[in-house]
Amino acid sequence: MGMDVSLVAPCGIYCVLCVAYHGYTMSGKRRKHVCTGCREYDKTCAFLKRDCELLRDGSVEYCYMCEEFPCDNLRRLDERYRKKYDTSLIGNLLEIRDEGLESFITVQLERYTCPECGETICMHTYKCYNCGYTIR
């Protein structure tokens, strides 16, 4: 696994850990098109970028760069991610701001590396799509 800072989404998720990046839907079906990351082709993130003019127009690269950080949209998404996936997007963004992208990615990869095969485990499904290992 390499360290690709372009795969850190504006919301603080490392795209490599996302179910869509692994090529699946939340229901477990294969996606027609594998996601290549939130920054690829200037995609509009389904959760934040579509509702945030500053992210859309490139005024900020990450949500923590905004004067309104954390905004209501990010707070709602953060609450959902803390409950469902044991991950704080606001915490991730503060870590990126305070420690840097490389440190953030290192921590994420340590947390989500499959102990069986060394590939990444999906943060949404807790599954390694390479060997089938599951955390939970």
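Start with the whole protein chain on screen: among its contacts (heavy atoms within 4.5 Å) with a separation of 6 or more, 48% are between residues 24 or more positions apart. This is a predicted model, in which local features need pLDDT of at least 70 and side-chain atom pairs count only at pLDDT 80 or more, while totals for chains, interfaces and linings use all residues. Residues are numbered from 1 along each chain as its sequence is written, and side-chain values use heavy atoms, with hydrogens and water left out.

**The whole chain**

Switch to a cartoon view, where the protein chain shows four helices and zero strands; helices (H or I, at least four residues) and strands (E, at least two) are DSSP runs, numbered from the N terminus. Read from the N terminus on, the order of elements is α-α-α-α. The radius of gyration, taken over C-alpha atoms, is 15 Å, close to the 14 Å that the globule rule gives for 136 residues, so the protein chain is as compact as a globular protein of that length. That rule is 2.2 Å times the number of residues to the power 0.38. If you draw a box along the principal axes, the C-alpha atoms of the protein chain fill roughly 40 × 35 × 30 Å.

Now show the surface, which comes to about 7,800 Å² of accessible area for the protein chain, with 46% of it belonging to carbon and sulfur atoms; such areas come from the Shrake-Rupley method with a 1.4 Å probe, and for residues only the protein chains shown count as cover. Of the 136 residues in the protein chain, 40% are buried, where buried means under 20% relative accessible area, exposed means over 50%, and partly exposed lies in between (1.4 Å probe, protein chains only).

**Helices α3 and α4**

Select residues 89–99, which form helix α3, and display the side chains of L89, I90, N92, L93 and I96, which are buried. These buried residues cover an arc of only 160° around the axis, which puts them on the same side of α3; the arc is that of the directions from the helix axis to the C-beta atoms. Add α2 (72–85) and α4 (101–111) to the selection, since the buried residues of α3 pack against both of these helices.

Step on to G100, which follows α3 and has a positive phi, near 100°. In the next helix, α4, the residues to pick out are L101, F104, I105, Q108 and L109, which are buried. Their arc around the axis is only 130°, which puts them on the same side of α4. What covers the buried residues of α4 includes α3.

Stay in helix α4 and click on E102, which is partly exposed because its relative accessible area is 47%. Leaving out residues up to four places away in sequence, E102 touches M3 and V5. Draw a distance from E102 to D4: these two are 98 residues apart along the chain, and their C-alpha atoms are separated by 8.6 Å.

**Unusual backbone angles**

Most residues other than glycine have a negative phi, and most peptide bonds are trans. Which peptide bond here is cis? Zoom in on the one from F69 to P70, whose omega is near -10°. P70 belongs to the loop between α1 (53–56) and α2.

Move on to D86, in the loop between α2 and α3. Although D86 is not a glycine, its phi is positive, about 55°, and with a relative accessible area of 48% the residue is partly exposed. Is Y126, in the segment after α4, buried or exposed? Its relative accessibility is 10%, so Y126 counts as buried, and this residue, also not a glycine, has a positive phi of about 60°.

**Two last stops**

Select Y21 in the segment before α1, which counts as partly exposed at 26% relative accessibility. Not counting residues up to four places away in sequence, Y21 touches L7, C15, V16, V34, C35, T36 and G37. A line from Y21 to G91, 70 residues apart along the chain, spans 22 Å between their C-alpha atoms.

Finish at E68, which lies in the loop between α1 and α2 and is exposed, with a relative accessible area of 60%. From E68 to H124 the C-alpha to C-alpha distance is 27 Å, and the two are 56 residues apart in sequence.
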